[in-house]
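Trainee: I should like to learn how to read a structure by reasoning from its atoms. May we work through one together?

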Amino acid sequence: MTSRTAAADSGDVPANPVLRVAPAPPEVAAAHFGASLAFHADVSDVAAALAGEGDPGFVVLDSRSTASWDQGHVPGAVHLPTALIPEQAGRLLDPSVPVVTYCWGPGCNGATRAALALAELGYRVKEMLGGFEYWAREGFPFETWQGRERRAADPLTAPADAADCGC
């Protein structure tokens, strides 16, 4: 393997596509990843906080349409489609309580748009990575218009026989 420094000094491009762009210096990486954690939470952490004793200290907001909400949503979540946030957030959310937004899944940026709309209104907000898709795929209970459901955890997204992934 060609080192980053040797490749840069010689003008050679590393054969490894991962290293064609050099990794950030540790202090820059630490700032980036620290900031990322200030903006994001994963479904396992949200589920663990909601399942714990007492108030988790945040509210979960589903920013999808009513039809999507009816297909399934995180128990206890507030339903507020992104387009309605400017006019309804003040009636449904306490500005002193952080909000965790979610939408369908990692291929959807609806939770990001909802988080932006809330931040612009002065709310402290995080986005739940994976959205409703990973909530269901990791085997957490969800509610539909028919009642509460739960699917077996997808072994590609969650450990089959452990309480958590250990990360």
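The questions and answers below concern this predicted model.

Trainee: In what order do the five strands of the open sheet lie?

Mentor: The pairing within this open sheet is parallel. Strands E1 and E3 are its edge strands, since each pairs on one side only. The order across the sheet is E1-E5-E4-E2-E3.

Trainee: Over how many bridges do E4 and E5 pair?

Mentor: Two individual partnerships illustrate this pairing. Valine 99 has valine 125 in E5 as its bridge partner, and valine 100 stands opposite lysine 126 in E5. E4 and E5 pair in the parallel sense, and the number of bridges is three.

Trainee: Which residue in E5 stands opposite histidine 40?

Mentor: Strand E1 comprises residues 40-42, and E1 pairs with E5 in the parallel sense over three bridges. The residue in E5 that stands opposite histidine 40 is glutamate 127.

Trainee: Which elements give two or more residues to the largest nonpolar core?

Mentor: In soluble globular proteins, nonpolar side chains tend to be buried together. Here the largest nonpolar core has 17 residues, and Val46, Val60, Val74, Tyr102, Met128 and Trp135 have the most contacts inside it. The elements that give two or more residues to this core are helix H3 (43-51), strand E4 (99-102) and helix H7 (131-137).

Trainee: How many residues does the second, separate core have?

Mentor: This second core is separate from the largest one. Among its members are Val78, Ala115, Leu118 and Val125. Its number of residues is 14.

Trainee: Is histidine 73 buried or exposed?

Mentor: Histidine 73 lies in the loop between helix H4 (66-71) and strand E3 (78-79). Leaving out residues up to four places away in sequence, histidine 73 touches Asp62, Arg64, Tyr102, Phe132, Phe142 and Glu143. The cut-off for burial is under 20% relative accessible area. Because histidine 73 has a relative accessibility of 6%, it counts as buried.

Trainee: Which residue has the backbone oxygen that the side chain of histidine 73 reaches?

Mentor: The side chain of histidine 73 comes to 2.9 Å from this oxygen. The backbone oxygen belongs to tryptophan 69.

Trainee: What arc do the buried residues of helix H6 cover around the axis?

Mentor: In helix H6 (residues 110-120), the buried residues are Gly110, Ala111, Ala114, Ala115, Ala117 and Leu118. Their arc puts them on the same side of H6, because it is only 160°.

Trainee: Which elements are included in what covers those buried residues of H6?

Mentor: Both strands and helices take part in this cover. It includes strand E2 (59-62), helix H5 (85-92), E4 and strand E5 (125-129).

Trainee: Which residue just after H6 takes a positive phi?

Mentor: The phi angle in question is about 100°. The residue that takes it is glycine 122.

Trainee: How many disulfides does a search of the whole structure find?

Mentor: A disulfide requires two cysteine sulfur atoms within 2.5 Å. The sulfur of cysteine 103 is 3.3 Å from its closest cysteine sulfur, that of cysteine 108, so the two are too far apart for a bond. Cysteine 103 is buried at 9% relative accessible area, whereas cysteine 108 is partly exposed at 26%. For the whole structure, the number of disulfides found is zero.

Notes: Residues are numbered from 1 along each chain as its sequence is written. This is a predicted model: local features need pLDDT of at least 70, side-chain atom pairs count only at pLDDT 80 or more; totals for chains, interfaces and linings use all residues. Side-chain values use heavy atoms; hydrogens and water are left out. Buried means under 20% relative accessible area, exposed over 50%, partly exposed in between (1.4 Å probe, protein chains only). A nonpolar core is a set of buried Ala, Val, Leu, Ile, Met, Phe, Trp, Tyr and Cys residues joined through side-chain atoms within 4.5 Å. Helices (H or I, at least four residues) and strands (E, at least two) are DSSP runs, numbered from the N terminus. A polar contact is a pair of N or O atoms within 3.5 Å; within protein, one must be able to donate a hydrogen and the other to accept it, and residues adjacent in sequence count only if both atoms are side-chain atoms. Contact means heavy atoms within 4.5 Å. The arc is that of the directions from the helix axis to the C-beta atoms. Two strands pair if DSSP finds at least two bridges between them.
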